[in-house]
Amino acid sequence: MTAADAGTADSGAREASDGFDPWRIGLYAALVGLLLFYLAPIETGLVTSLKTDGAVVETLPYVPPGLDGFTLASWATALDALVRGMVNSLLFTIPATILCAIFGSTAAYGLTLVDWRGQIGVLVLFIAGIFIPYQAVIVPISRFWSNYVDLVGLLSPLWGLPVLKPHWGTLLELMITHVAYGIPIATLLFRSHYQTISTEMLEAARLDGASVTKIYYRIVLPLSRPMFAVVLIFQFTQIWNEFLFSLTLVSSASSPAASVTLILSGIGEAQSGLDFPLRMAAALIAAIPTILVYVLFTDEFAEGVRT
Amino acid sequence: MANLALDHLTKEFGGGSDRIVAVDDVSLDIDDGEFLVLVGPSGCGKSTTLRMIAGLETTTDGEIRLGERRINDREAKNRDIAMVFQSYALYPHMTVRENMSFGLEESTDLGDDEINQRVEDAATTMGIDDLIDRRPGELSGGQQQRVALGRSIVRDPSVFLLDEPLSNLDAKLRSQMRTELQRIQEDLGVTTVYVTHDQTEAMTMGDRIAILDGGQLQQVGTPLECYHEPANQFVAGFIGEPSMNFFETTVEDGRLVGVARSVRESQGDSRSPSEAQSASEDATEQSSGERSDPRVGDGFEYPLAEETQESIDDTDRVTLGVRPEDIELVDAAESDHDFRTVVDVVEPVGSGNNIYLAFEGHEEAASELDMEESRTFVATIGGLQRVEAGQPAIARFPEDAIHLFDTETGDALRNRKLDDVETVEPQL
């Protein structure tokens with residue numbers, strides 16, 4: 001087909017779209033279908049979370065409750081139960097996320113843009129770290145923190161100070177564990193970005209008199225903003241939603257150090273059966289921070305994924 | 001300000017069997033304030049040499065001295081050298097002002113006011129003072145080029161290194177920047193090393209040019225020395241556009257005897273357009289043997305005067321070189337240095353015409369596609385002279401304008417007479 005042909009066909013399609021264009025109708029139908037497919041579970045969860053116990057039994061899961069079946073009680077209960085866990089989770093997730101990004105970025109800089117002997121060997125170790133499954137390290141980690149480095153005990157003089165509480169020792173353990181586990185993937189992400197940075201530009205900076213650290217602070221770091229957004233979002237979601245480390249290091253949902261996922265796992269469970277509205281409300285509440293992080297970094301995230 | 005000396009500089013990459021010698025024993029003295037152009041085909045080691053001077057590449061052997069002080073082991077940032085890169089290498093997240101002040105902030109302890117003053121002065125010199133708060137991404141290629149130059153001059157370095165700085169510009173802007181760069185270099189009086197693969201840039205810009213090939217220094221000299229007194233066949237072929245014509249011959253009784261074809265030098269820039277056409281069969285070479293004229297048969301003969309013969313000594317394989325502009329078109333074959341030819345292709349360039357001539361009797365084979373050899377040779381004539389393809393012409397190779405090279409080694413045996421040059425180039 002020549003360019004001219006394509007042009008007329010295109011304008012023909014545009015004219016037809018004012019009336020009935022079967023192709024276009026099919027496209028929109030498919031899009032709406034996909035939209036429903038993806039949104040239906042979320043809609044069902046949201047609708048269920050707003051129902052009374054009676055309405056849950058009487059109505060179909062995805063049908064909104066009537067006026068008499070509507071209640072916010074589950075949301076209030078869920079929030080009440082989760083708020084403690086959310087505070088705990090934020091306390092270790094935020095620093096762990098930021099540290100992951102900082103360490104990942106500096107490690108990637110050192111392994112990608114600074115030339116030294118043996119760096120490939122070190123890089124291989126980093127990459128290997130990505131492939132270690134969580135399940136394989138649960139036992140060593142719990143033994144490490146309980147038998148060798150008992151932070152709660154070691155830092156006991158601190159707990160007498162105002163604000164600080166003993167269970168923060170456990171949160172610190174969680175934070176360090178997550179940082180250690182997140183560095184390899186963060187390094188890999190930053191490395192792929194740094195490989196696109198012009199070496200001539202860094203050489204120019206060297207000739208301009210900048211040291212290795214100055215080049216990082218003044219050139220590489222400002223140019224890594226989009227990748228920071230990607231790593232921050234990725235790591236925040238990972239660490240916030242992580243369950244296994246919390247389970248092994250904190251162990252009980254009733255512990256003062258319980259994370260949001262630990263509390264979430266047991267919420268709404270009773271002898272009488274599952275409290276579906278409560279579980280749905282709790283799940284939605286627990287998802288709010290990750291959604292907020294995505295919204296906050298949308299532009300940078302898009303740019304970072306593109307590079 | 002200082003003079004820069006390269007002493008037996010060598011750079012090898014890799015080791016063992018895949019060792020590559022990028023720069024091979026290069027020695028050069030660059031005077032204070034001199035503009036030296038390093039020129040050569042790609043892969044000749046010119047950029048590696050520059051990077052060794054800058055400190056971006058370690059040296060395998062030899063010494064680099066700046067103002068009599070050895071700087072081999074000094075870090076790049078302590079060498080007091082500024083470099084302009086081919087890609088400009090600007091910091092994309094900084095404004096022009098920040099780009100230019102970066103080096104001063106990092107390498108000096110000047111105050112903010114002083115830095116600002118110097119940045120603004122340099123920006124004015126480069127004519128970019130109105131762009132100072134923009135970012136590189138908002139600038140055109142030419143403007144980015146100016147910022148890159150400005151960033152280097154603002155630091156007032158002892159040595160200024162430029163690595164093919166003009167190759168990303170369009171032709172018009174390139175010739176404009178060429179002049180401007182020369183003016184700035186002259187004003188600042190900074191020792192400058194300029195790397196290029198473009199012989200026109202080398203000829204027009206340098207106080208002296210150093211020609212590199214295969215990592216080895218071929219010749220160092222003023223542009224006109226290199227042009228008129230090339231040390232070897234490589235330099236003769238590399239410098240000058242269109243390239244010098246070469247004819248491989250053997251010496252027989254004071255005459256050069258060869259086949260009627262010219263030899264291509266490695267640089268293929270001046271390839272005749274006819275070579276792009278489809279190749280025709282080589283059928284004429286042997287069939288023209290019956291011609292009576294000894295100089296246009298299957299052989300090519302060029303008698304040499306006594307004086308010229310002495311310069312050859314007893315070398316028996318000699319390459320004859322003659323520059324296109326030295327070939328004269330004459331009305332009648334009067335001397336034994338005149339050859340009957342047929343015009344193959346005419347390339348008008350405005351001020352002159354490049355005409356591709358084929359020896360008579362070989363014109364059918366002229367369009368044969370061959371990178372190494374060509375049945376044609378180039379002559380340049382005045383732009384107002386009318387010559388058309390297919391017409392016969394008599395080409396004269398004046399004996400005082402010919403160059404002779406040892407075919408084996410490529411070394412120059414005899415160069416054209418220079419007293420003649422003085423009349424050609426009265427400014428010298």
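**Exercise 1. Work out the strand order of the open sheet in chain B, and find its edges.**

Step 1. In this predicted model, 6 strands of chain B make up an open sheet. Read across, the order is β6-β7-β8-β3-β9-β10. The pairing is mixed.

Step 2. Look for strands with a single partner. These are β6 (81–84) and β10 (216–221) of chain B. Both stand at the edges, so one side of each has no neighbour in the sheet.

Step 3. Add the twist. From one strand to the next, it averages 15 degrees.

**Exercise 2. Describe the pairing of β7 and β8 in chain B, then place helix α4 of chain B.**

Step 1. Strand β7 (residues 159–163) of chain B runs parallel to strand β8 (residues 191–196) of chain B. The two are joined by 5 bridges.

Step 2. Pick out one facing pair. L162(B) is opposite Y194(B) in β8(B).

Step 3. Now the helix. α4 (residues 141–153) of chain B lies across β6 and β7 of chain B. Its direction is at about 175 degrees to β6(B).

**Exercise 3. Dissect the contact between the two domains of chain B.**

Step 1. Set the bounds: domain 1 covers 4–233 and domain 2 covers 243–419.

Step 2. Count residues. Domain 1 of chain B contributes 7 and domain 2 of chain B contributes 14.

Step 3. Sort the domain 1 side: 3 nonpolar, 3 polar and 1 charged.

**Exercise 4. Characterise the side of chain A that touches chain B.**

Step 1. The contact uses 14 residues of chain A and 16 residues of chain B.

Step 2. On chain A, α9 (199–207) and α10 (212–223) each supply at least two residues. α9(A) gives the most, with 6 residues.

Step 3. The chain A side divides into 7 nonpolar, 2 polar and 5 charged residues.

Definitions and conventions. Residues numbered from 1 in each chain as written. Chains lettered and ligands numbered in written order. Predicted model: local features only at pLDDT ≥ 70, side-chain atom pairs only at ≥ 80, totals over all residues. Domains from an automatic or database assignment. Nonpolar A, V, L, I, M, F, W, Y, C, P; charged D, E, K, R; others polar. Pairing = 2+ DSSP bridges. Helix = DSSP H or I, 4+ residues; strand = E, 2+ residues; numbered from the N terminus. Axes fitted to C-alpha atoms, helices over the stretch in contact; angles between N-to-C directions.
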